[in-house]
Structures are given as C-alpha cells and as structure tokens.
Amino acid sequence: LVLDGLDELCRSGAILFERALVVGLLKAAFFVRDSDYRSSRRYFFSPVYDPPTITRDSMMFRENVDQWLRSSKSGVDGAVLASQSSSDATEVGLMRPRVIFVERSSEEGAPRTIQAESKQQLYSALSVLCNASGYSFEVVTFEGRSAAEQIMMVRDAAIYIGVHGANLVNSIFLPPLAVLVEIFPYKFFHEMYKEGGLASVKYFALQLSHGEDFPELARYGATAKECMHKSHECKLHYRDAVLVFSPEDFAKLGVIMESALEFLSRVAAPLSS
C-alpha cells in the first residue's frame with residue numbers, strides 16, 4: 001500500500017520529503033527489487049549470462065547521482081567530469097579498466113586491518129595481475145574526502161576490492177555490471193554487501209582460511225557461527241581480527257580475479273581506456 005501510494009504521488013514528478021519514515025530492508029539491501037514495486041519505467045536486462053540482480057531502483061539512483069554531480073552543488077570541476085565522459089560508453093554505463101582496492105583506516109587498533117607483510121604481498125600480486133590483463137591498479141582511501149570526491153573515485157571503476165566494512169558502501173556508485181570483491185576475516189561472513197546491496201554489480205567473496213579461534217569457543221558451541229550468534233564478544237573477535245593471507249588465500253583470490261576479468265570481458269569488450 002505504501003509503495004502504491006508513492007507511485008501515485010510521483011506520477012506528476014519527483015517529490016522531496018523534508019522528513020520521512022521508511023521501512024528498513026533486511027540484510028541491508030540498499031535498493032528494491034523490481035518485483036517488489038510497480039513502475040512505468042522500463043526494466044533493465046543484462047547483455048551477458050550469469051549476471052547480478054539488475055534493479056531498476058539502482059539505475060534510477062545512478063541517474064540522480066549523475067545529475068547532482070553535474071550541478072554546482074556537488075563542487076565537481078566540470079572539466080574533470082567531462083574527462084570521464086566518452087562516446088565509447090557502452091549501454092551498461094561508462095566503465096574503464098580500473099581496479100581499485102579500498103584501504104581501511106591505518107590507525108593503530110583499527111579493526112580488520114591487513115597485516116603489513118600480507119598487505120605488501122596482496123598489493124604486489126594484484127598489481128602484477130592487473131597489469132598483465134591491461135587494467136590499472138590503485139589503492140584508494142575515502143578518509144577526509146568529500147562525498148563528490150568519493151563518488152568520482154568509484155564511478156568508472158571496473159573492479160572494487162575491499163575488506164568487509166563501511167568502506168564497501170561506496171560500491172553503490174560503481175557502473176552497473178562492475179565487480180565487487182569482498183574480503184572477510186577468518187570464519188566471519190555477512191551478506192550485507194552481496195551484489196553491492198542489490199546495486200546491479202557482480203559479487204565475489206573471499207573468506208580467509210587462517211586465523212585464531214575465540215578462546216572460549218567451546219563454551220558457546222561447536223562452531224564459530226554458533227559462538228558469534230550467542231556472544232557479541234565472540235563476534236567482535238572474528239569480525240575485527242587482523243587479516244593474514246595464506247598461500248591458499250592468494251590462490252583463491254587469483255581464481256576470483258580470473259572469474260571477474262572473464263565476466264567483464266563479456267560485459268564490455270573492449271572496455272574504454
């Protein structure tokens with residue numbers, strides 16, 4: 001009833017609410033599935049098989065973001081925005097051969113940091129793989145950046161990689177059918193950012209294979225999943241642990257990247273450069 005009412009209200013144009021109470025979506029999906037509401041707007045279909053869930057809601061969101069970026073309110077230099085526009089843009093949106101790794105806070109004691117040696121090996125491995133595939137590799141951070149600056153860092157990337165956490169929210173600004181790779185600590189998993197929260201992006205997950213178990217694991221159950229369900233302290237132990245990559249993890253990441261690159265080769269070949 002609520003959605004039907006909003007649909008009727010918006011037939012004559014967009015409405016700006018000064019205050020609104022909205023129903024939260026389970027599993028932190030940021031967009032609504034097409035089947036959950038009626039609309040006169042067209043549906044979107046993927047040009048490739050095994051696509052992510054394509055949501056009309058996320059496509060409309062991107063249109064609104066682009067309009068805002070082009071307005072004076074965003075503070076984005078028009079020349080910079082124009083440089084990201086191209087006649088080579090495909091029907092699935094402008095996407096360049098860029099792989100970005102979003103780095104979490106490096107402050108001492110920050111949760112889910114990557115061990116220094118593992119980080120060096122990770123960046124080196126990704127750089128070599130990307131260069132061999134014709135992609136650039138960049139390590140980015142959103143700290144201290146304005147909203148417009150963060151969007152501009154993401155909006156034409158082909159692959160977005162990061163450790164589970166709030167930094168992955170910006171995957172909603174990726175081009176449709178781009179790729180999100182989420183890295184999870186040992187034995188921890190969450191579906192919050194699956195497919196970018198229904199942002200029409202392809203999703204892969206890597207859960208690290210090694211780590212330390214919670215000291216009182218046996219007290220709360222036979223598995224880490226049971227322990228995290230019963231104990232908040234146990235959940236924090238697994239969720240916020242320092243990440244250490246094993247050779248097995250690097251091998252799994254290599255397989256994921258190969259799958260991601262193969263998917264992108266079918267989405268837009270060649271990607272604009």
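How many aromatic pairs does the structure hold? The structure holds 10 aromatic pairs, where rings of Phe, Tyr and Trp (its six-membered ring) count as a pair if their centres lie within 6.5 Å, with planes under 30 degrees apart called stacked, those over 60 edge-to-face and the rest tilted. This is a predicted model, in which local features need pLDDT of at least 70 and side-chain atom pairs count only at pLDDT 80 or more, while totals for chains, interfaces and linings use all residues. Residues are numbered from 1 along each chain as its sequence is written, and side-chain values use heavy atoms, with hydrogens and water left out.

**Rings**

One of the pairs joins Tyr123 and Phe137, whose rings are tilted, at 6.2 Å centre to centre and with 55° between the planes. This pair links distant parts of the chain, since Tyr123 belongs to helix α4 (residues 116–132) and Phe137 to strand β2 (residues 136–140), 14 residues apart; here helices (H or I, at least four residues) and strands (E, at least two) are DSSP runs, numbered from the N terminus. Both Tyr123 and Phe137 are buried, where buried means under 20% relative accessible area, exposed means over 50%, and partly exposed lies in between (1.4 Å probe, protein chains only). Elsewhere, Phe31, Phe61 and Phe173 are linked into a cluster by ring pairs.

**Helix α4**

With 17 residues, α4 reaches 24 Å from its first C-alpha to its last, close to the expected 24 Å, a span defined as 1.5 Å times one less than the number of residues. Ser118, Leu122, Tyr123, Leu126 and Cys130 are buried in this helix. These residues lie on the same side of α4 because they cover an arc of only 130° around the axis, the arc being that of the directions from the helix axis to the C-beta atoms. An α-helix has 3.6 residues a turn, so residues three or four places apart point the same way. The buried residues of α4 pack against β1, β2, β3 and α10, whereas the face turned away from the buried side carries the exposed residues Ala116, Gln120, Val128, Asn131 and Ala132. After α4 comes Gly134, whose phi is positive, near 85°.

**The core**

A nonpolar core is a set of buried Ala, Val, Leu, Ile, Met, Phe, Trp, Tyr and Cys residues joined through side-chain atoms within 4.5 Å. The largest one has 72 residues, and those with the most contacts inside it are Phe101, Leu122, Ile159, Tyr160, Ile161 and Tyr238. Helix α10 (residues 247–267) gives the largest share of this core, nine residues. Leaving aside residues up to four places away in sequence, Tyr238 touches Pro185, Tyr186, Lys187, Phe188, Glu212, Asp213, Phe214, Leu217, Ala224 and Met228, where contact means heavy atoms within 4.5 Å.

**Buried loop residues**

Most residues other than glycine have a negative phi. Leu177 and Ser200, however, have positive values, near 70° for Leu177 and about 65° for Ser200. The table sets out where these two residues and Arg96 lie and their relative accessible areas.

| Residue | Loop between | Relative accessible area |
|---|---|---|
| Leu177 | β3 (159–163) and β4 (179–184) | 3%, buried |
| Ser200 | α6 (195–198) and β5 (202–207) | 0%, buried |
| Arg96 | α3 (78–83) and β1 (98–102) | 13%, buried |

The C-alpha atoms of Arg96 and Asp156 are separated by 5.6 Å, although these residues are 60 residues apart along the chain.
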